Amino acid sequence: MNLYLKPFEVEDVPTLEKWFYSGDYDDHFRDMTLLTREQLKIYSYMKDGQAFIVRKNNDVIGLVTIYEMRVVPSNFKLSVLIDKNYQGKGYCLESMLLILDYAFFKLGYDKAIVEVLESNERLNNMILKGGFEFEAKLEREAKINGEFQDVIRYKMFKDKYRKIRGSHV
């Protein structure tokens, strides 16, 4: 698919701003209140995580973040945002595989966690297709547009991921 990840830099803030303020990605930014341009720069120097711009050739098509990275018990959370103009083409799954390769095999983490709104059936199905397993249902975990919503937490361990990816890693 010609996708690659580039570390998020301050120059990428305008793209993040576009997504953040559009209202199309409220489920992705569910844990954040409206932030200023200066506050959005946190993605370029996260203390407990790393953010990457997803590129297809020269086009910016998404953002991948690994966060809440913990040495003990060796786990992290991840999130993937794909620009609405590129959704439905397999880029979300491919971006997720790229960041899992990086986190498991370059950084050495053992467990990945993804949390998805229960109402987002398409993303829940994609996460399962990627080999993640159900871990928990978090009731009333998110508040979107003033309404509480349940979140599904999925897990993936490095050894299972290695089997799924086979010779690709």
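**Notebook: helix α3 and its surroundings**

I began with two helices and found that the axes of α3 and helix α4 (residues 121–129) come within 10 Å and cross at roughly 45°. This angle makes α3 oblique to α4. I noted the hand of the crossing as well: α3 passes α4 in a right-handed manner. I then listed the residues that make the contact, which are C92, L93 and M96 on the α3 side and L123, M126, I127 and K129 on the α4 side. I record here that the model is a predicted one.

Next I looked up α3 by itself. The helix covers residues 91–106, which is 16 residues. From its first C-alpha to its last it reaches 22 Å, close to the 22 Å expected at 1.5 Å a residue. Which residues of α3 are buried? I found Y91, C92, L93, S95, M96, L97, I99, L100, D101, A103 and F104. I noted that C92, L93 and M96 appear in this buried list and also in the contact with α4. After the helix comes G108, and I entered its phi as positive, near 85°.

I turned to a second partner of α3, helix α5 (residues 158–165). The two pack at an angle of about 130°, and their axes are 11 Å apart. I classed α3 as oblique to α5 because of this angle. The crossing of α3 and α5 is left-handed, whereas that of α3 and α4 is right-handed. On α3 the contact with α5 is made by L97, L100, D101, F104 and F105; on α5 it is made by K158, Y161, R162 and R165. Among these, L97, L100, D101 and F104 are buried residues of α3.

I then moved to a strand. Where is Q149 found? I located Q149 in strand β7, which spans residues 147–157. The side chain of Q149 is joined to that of S119 by a polar contact of 3.1 Å. Leaving aside neighbours within four places in sequence, I listed the contacts of Q149 as L117, S119, L138, R140, E141, A142 and I144. S119 is thus entered both as a contact of Q149 and as its partner in the polar contact.

My last entry concerns F8, which lies in the loop between β1 (3–7) and α1 (13–22). Is F8 buried or exposed? I found a relative accessible area of 5%, and F8 is therefore buried. I also looked up F8 and V54, which are 46 residues apart in sequence. In space, F8 and V54 are 9.2 Å apart, C-alpha to C-alpha.

Note on methods:
Residues numbered from 1 in each chain as written. Predicted model: local features only at pLDDT ≥ 70, side-chain atom pairs only at ≥ 80, totals over all residues. Heavy atoms only, no water. Helix = DSSP H or I, 4+ residues; strand = E, 2+ residues; numbered from the N terminus. Polar contact = N/O pair within 3.5 Å; in protein donor to acceptor, adjacent residues only side chain to side chain. Contact = heavy atoms within 4.5 Å. Expected span 1.5 Å × (residues − 1). Buried < 20%, exposed > 50% of the residue type's maximum accessible area, 1.4 Å probe, protein only. Axes fitted to C-alpha atoms, helices over the stretch in contact; angles between N-to-C directions. Parallel < 35°, antiparallel > 145°, perpendicular 65-115°, else oblique. Left-handed = near helix turned anticlockwise from the far one by under 90°.
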